[in-house]
Amino acid sequence: MSDLSRRPEHPVVGVALPHESAALHVTGAALYTDDLVYRTKDVLHAYPVQVSHAHARITALHTAPALRVPGVVRVLTAADVPGVNDAGVKHDEPLFPDEVCFHGHAVCWVLAETLEAARLGAAAVAVELEPLPSLITIEEAMAAGSFQGARPQVRCGDLESGFAASAHIFTGAIHFSDQEHFYLETHAALAHIDEGGQVFVQSSTQHPSETQEIVAHVLGLRDHEVTVQCLRMGGGFGGKEMQPHGFAAVAALGATLTGRPVRVRLNRTQDLTMSGKRHGFHAQWRVGFDAGGRLQALDVTLTADGGWSLDLSEPVLARALCHIDNIYWIPNARFNGRIARTNKPSNTAFRGFGGPQGMLVMEDLLGRCAPLLGLDPMELRRRNVYRPGQSTPYGQQVRHPERITDTWDQVLALGEIGTRTEEIAAFNASHPHVKRGLAVTGVKFGISFNMTAFNQAGALVLIYKDGSVLINHGGTEMGQGLHTKMLQVAATTLGIPLHRVRLAPTRTDKVPNTSATAASSGADLNGAAVKNACEQLRERLSRVAATRLGVNASDVRIADGVARALGPGDATVEWDDLVRTAYLQRVQLSAAGFYRTEGLHWDAGTMHGAPFKYFAYGTAASEVEVDGFTGAYRIRRVDIVHDVGDSLSPLIDIGQIEGGFVQGAGWLTLEDIRWDTGDGPGRGRLLTQAAGTYKLPSFSEMPEAFTVTLLQHAHEEGVVYGSKAVGEPPLMLAFSVREALRQAAAAFGPEGVSVELGAPATPEAVYWALVSARHAGELVTEESVSAGA
């Protein structure tokens with residue numbers, strides 16, 4: 001076992017602890033970025049001037065009327081930018097554009113003494129436009145040939161030979177929707193300039209180092225002249241990985257020009273209309289099976305809706321292509337990817353980062369093809385799972401494939417799937433207007449950034465003379481419990497009680513050049529860096545203790561805040577005494593830790609290699625009940641077994657699994673984003689601009705029975721204390737809900753019917769699916785399966 005994954009005696013990791021800020025959250029004492037405004041003097045408020053047109057060229061911008069509004073101090077425009085007028089890493093996102101590229105695009109910002117004055121000032125700005133043609137839907141962009149960025153391809157085997165050897169071939173298409181992050185805290189930033197001209201930005205960002213870079217290049221500064229801090233976020237889900245940078249840059253530019261602190265905080269409607277979402281996708285596929293229902297060949301073209309600029313669309317698409325296989329071995333495959341450019345906000349990272357979109361293609365086609373093959377969907381899925389020695393279409397060997405079947409079999413046993421399947425069949429036979437469905441699906445999710453360089457992290461750990469410990473790391477806290485895990489890692493590595501350790505807010509002047517807290521890698525990367533720093537300190541302290549105890553340093557163990565020597569004898573050195581002694585001996589009591597993920601290699605040009613450190617696995621069984629008159633449904637029961645390795649913090653991990661699953665179910669069944677696609681003046685306008693029109697999962701959508709079990713004996717070698725990532729993989733377990741809805745809808749028709757189901761599978765979509773099933777006598781044949789949204 002490696003030093004990185006080995007656990008010492010009496011570890012603090014593995015203990016079920018509440019979130020480190022749980023009490024602050026529930027009492028309202030937790031501070032978020034915008035709370036700091038009320039602790040800051042002379043703050044100016046920024047308000048965007050949004051243009052209500054999907055695509056147009058700006059011919060004139062009249063800001064003078066805004067300056068006549070009482071309280072307005074300044075209007076920020078492109079002419080004020082001393083550096084680069086761009087908020088994106090691809091340099092395709094002008095901070096102050098001369099062309100409106102989506103409905104609600106901000107073209108300038110008004111600064112005022114109050115938020116209301118800023119709003120009135122923004123309303124007074126006049127923008128003259130020359131309308132241009134717009135593309136709103138992904139189908140419109142495909143028809144127009146409107147694409148941007150790379151067109152990657154994943155290949156393996158011999159596709160034509162695979163199809164030639166197939167006994168059954170089916171074709172189809174699916175268009176599945178985007179998803180709004182709907183974090184509780186909207187985008188926010190607060191910037192001020194100190195007496196030395198240094199820029200300090202408080203930002204609700206998942207990527208402080210990149211926010212620092214963007215602010216610096218907008219202001220024409222070097223990175224060391226800009227410091228970015230993130231206290232915590234009220235949710236992020238990927239929406240704050242790339243898109244906070246421009247808002248932070250606006251605040252920093254305003255502070256630079258006025259000499260006063262500047263606040264940017266979007267209201268909910270602004271956040272919804274200005275920020276990107278999960279990429280919607282269109283997929284065209286052709287699949288071949290042998291006579292036994294085993295996959296032989298799969299040809300897929302994936303088109304992502306990138307919105308008006310690239311943002312993170314290229315890596316999102318790459319990860320989608322790398323996850324089409326999910327838990328299934330495909331000997332012959334070709335996956336083509338492309339990014340549509342549309343006149344909508346630039347779509348961005350969202351929990352799963354393309355993985356859910358890729359997997360949905362596979363789970364959808366298996367659910368649709370199973371009846372045509374005369375197989376139960378559970379059986380079709382089980383026949384095709386990875387086995388030892390098999391590799392993904394992009395060339396990475398699937399290690400521990402037995403965990404796929406382990407989680408699957410445990411779900412079947414714990415969920416009593418055999419008995420319940422019989423009960424559901426009996427229920428459906430006796431209830432003509434209400435049907436139930438039960439589906440089991442699995443997940444295999446690769447953990448690491450697809451871009452190898454991002455798989456690194458740093459940490460700074462300080463021990464003070466009184467024995468207290470302060471840790472800094474590059475990860476950000478958005479409610480997922482990362483800071484809780486880092487506290488546990490530090491306490492375990494140093495061998496001290498948890499209460500001795502405190503964690504500082506994430507800042508770019510403490511840990512530089514950090515990667516985004518994303519790709520489910522936060523605990524792996526930052527945990528290993530924290531552990532590395534603590535190990536350096538422990539080794540120094542062990543040498544000090546060895547002198548006191550009269551033994552070799554290698555024979556010293558520090559546990560529960562006490563240093564002891566191996567072997568007989570009861571001599572000890574208390575932690576406080578040990579630290580004081582080390583200080584008096586001029587032993588350094590701070591350490592910078594670093595970690596780089598080993599074993600990764602990836603060729604982005606050929607889309608081949610081993611981009612992931614390991615795979616996280618899980619299986620879910622979901623049972624639903626559908627009303628045949630309305631399509632309304634309820635989730636009766638969910639059983640999950642998920643692989644998190646040796647959990648760093650079991651309570652946190654179970655919460656992440658529950659939350660991820662529900663968020664995935666929201667994407668797949670409820671969250672129906674609508675855009676105005678007409679030719680009127682509102683073309684391109686987001687129609688679902690609030691929780692009143694955009695349905696989010698709530699208590700009423702929670703499973704009536706919900707059981708989550710962590711896979712036991714699942715130690716992961718080469719990862720911090722044997723753990724595994726948990727943030728993103730559980731979201732895709734929600735495929736079981738959509739597939740259960742398909743099963744229930746099919747039960748309204750004759751046996752063996754193949755049901756097309758929209759994505760999201762809203763009650764309306766389920767209703768039309770069950771209506772189709774009722775009239776399924778003449779339905780689908782081979783080479784003719786197709787589906788719409």
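Student: Where does UniProt place the feature "domain: Aldehyde oxidase/xanthine dehydrogenase a/b hammerhead"?

Tutor: Happy to help! This is a predicted model, where local features need pLDDT of at least 70, side-chain atom pairs count only at pLDDT 80 or more, and totals for chains, interfaces and linings use all residues. Residues are numbered from 1 along each chain as its sequence is written, and side-chain values use heavy atoms, leaving out hydrogens and water. The UniProt entry is unreviewed, and such annotations may be inferred rather than shown by experiment. It gives the feature at residues 27-133.

Student: How far apart do the end C-alpha atoms of residues 27-133 lie?

Tutor: This span is 14% helix and 34% strand, where helices (H or I, at least four residues) and strands (E, at least two) are DSSP runs numbered from the N terminus. The distance between its end C-alpha atoms is 50 Å.

Student: Is helix 6 oblique or parallel to helix 7?

Tutor: The axes, lines fitted to C-alpha atoms over the stretch in contact, make angles from 0 to 180 degrees between N-to-C directions. Helix 6 (residues 208-219) and helix 7 (residues 244-258) cross at roughly 45°, with axes coming within 9 Å. Under 35 degrees counts as roughly parallel, over 145 as roughly antiparallel, 65 to 115 as roughly perpendicular and the rest as oblique. Therefore helix 6 is oblique to helix 7.

Student: Which residues of helix 7 make the contact with helix 6?

Tutor: Contact means heavy atoms within 4.5 Å. Helix 6 brings Glu-210, Thr-211, Ile-214, Val-215, Val-218 and Leu-219. From helix 7 come His-245, Ala-248, Ala-249, Ala-252, Leu-253 and Thr-256.
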